[in-house]
Amino acid sequence: MADGIGIAFQPLSSKGSGDLVLFVGDDLALSSAASEAVGRAGADLVTRAAASERFKGKSQSALTLPAPAGVEADRLVVIGLGSEKDRAKIDYVTLGGFTAGKVSGRTARVVVDWPGSEASAQDIADFTLGARLRSYSFDRYKTKKKPEAEDDRTTQLTVLSADPAAAEKAAEATRSVAEGVILARNLINEPPNVLFPEEYARRASELTKLGVEVEILDVAKMRELGMGALLAVAQGSGREPRIAVMRWNGADDKSEPPLALVGKGVVFDSGGVSIKSAGGMEDMKGDMGGSAAVVGTLHALASRRAKVNVIGAIGIVENMPDGNSYRPSDIVTSMSGQTIEIINTDAEGRLVLADVIWHVNQAYKPKAIIDLATLTGAIIVALGQEIAGLFSNDDDLAAAITAAGETAGEKVWRMPLIPAFDKAIDSKFADMKNTGGRHGGAATAAAFIKRYVGETPWAHLDIAGVGMSSTASEINRSWGAGWGVRLLDRLVRDKYEA
């Protein structure tokens, strides 16, 4: 259960053992470095094999030649990059993942060079990020493994490039991001009997090893603060809730207001009294995907010593049916003093976020708040499992998040917040209801959260579709994607460190 890969950096002329990976376009032309690595015999072999196998060098295609005659390699792996137009917009993260998939569990040299290429140190660093993410697996609880399973989990890549020292330096930062994503994936993939609130808080506290200050709020402290919304969600569980507040002060000016990241950490969501149907309920161990992204991001920022002040806060609860559970028609009082009529106990994440966001806003006066939550099935209906829903009260913040998502490959789509959505959660008996019904469910949930942010620039990311039971890709074969870490790290680089 790790990234399952070792990566080294060497000059293009370096020799070695194992597989040899080359890249070609649809013209099948080899770069001078690739030609030197395989020699005339190898180049002829590639040409003949491509004709025999009808390999056209299309993007994300591969030709594998075992024991290639005249080439010092166990296998020759030729990866297609497509047309000149395709090669002009290569996604190096995806290319790294695709490549790692073709040499999984093996030792390989990779010639990151092709005709017309100008792969920078950052491009190569992104390539290694993709390779690390593709090589992740979660098998902690498998007791019966094939004899070769240990070898299958370990890939050794030597990346050959024009400037290996610069590539290795750039890859240190992307390794920090990969570690953050892997941490998030591990948290999401853990079963709820292992990752209950107290254990989750303990794991968040391990960030202190990287210089992150961590404060854990227990039930007594939450009661003192008046967090009646979060406590209501937790009261049906035999496990006490926790809040972890993680602070990374990396900016030169330690007094500069921080960016606040808030995550929903419902470690298991049965729905409470408004219980979910049995089918698929096992997936509700991943209802803490937003909080996992926050923990993973703090790990990435601290690991790469980011020049920024950030508060990460996660509300960790379990939502269970019990004789002490909160009920539909209950009225609870949030930390803000606003009262909430409970319509559905399965609309619990917004209650958790309400108290945590209010606390962070009051205690730390952040320059902006971004919350992440696997909040609604409605966002999956709207955007599927490829794009997260973005709601915001600030156009500049929304634009920055959208741009960071495009760059990082974790896309968002801005959704509307109009007065009608806010009106839909007005209650006859309290200040608001915790759900506005089925229509526009993702938007009314966002309107609920908005009542707790005041004038602070704020964005809400509904990641129900992308955060768990995620779509397989070239960089992710995990049930939990760790979605959000790469986006948030990119946002910090572009908007808050620049």
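In this predicted model, Ala388 of strand E14 has Val412 as its bridge partner in strand E15. That contact belongs to a pairing in which E14 and E15, the latter made of residues 412-414, run parallel and are joined by three bridges. Between these two strands the chain passes through helix H13, which spans residues 395-408, and the resulting β-α-β crossover is right-handed.

E14 also pairs with strand E17, residues 458-462, but here the sense is antiparallel and the pairing extends over four bridges. Within this pairing, Leu390 is matched with Leu461 of E17 as its bridge partner. Turning to the side chains of E14, Ala388, Leu390 and Ser392 point one way while Gly389 and Phe391 point the other way, and all of them are buried. Because five of the five residues in E14, which covers residues 388-392, are buried, the strand is largely enclosed by the rest of the structure.

From E17 the path leads on to strand E13, since these two strands pair in the parallel sense over five bridges. Leu461 appears again here, this time as the bridge partner of Leu372. E13 also runs parallel to strand E9, residues 259-269, to which five bridges join it, and in this pairing Ala368 of E13 is the bridge partner of Leu259.

Both faces of E13 are covered, with Ala368, Ile370 and Leu372 buried on one side and Ile369, Asp371 and Ala373 buried on the other. As six of the six residues of E13, residues 368-373, are buried, this strand is therefore largely enclosed by the rest of the structure.

Conventions
Residues numbered from 1 in each chain as written. Predicted model: local features only at pLDDT ≥ 70, side-chain atom pairs only at ≥ 80, totals over all residues. Heavy atoms only, no water. Buried < 20%, exposed > 50% of the residue type's maximum accessible area, 1.4 Å probe, protein only. Pairing = 2+ DSSP bridges. Right-handed = clockwise from strand over helix to strand, strands pointing away.
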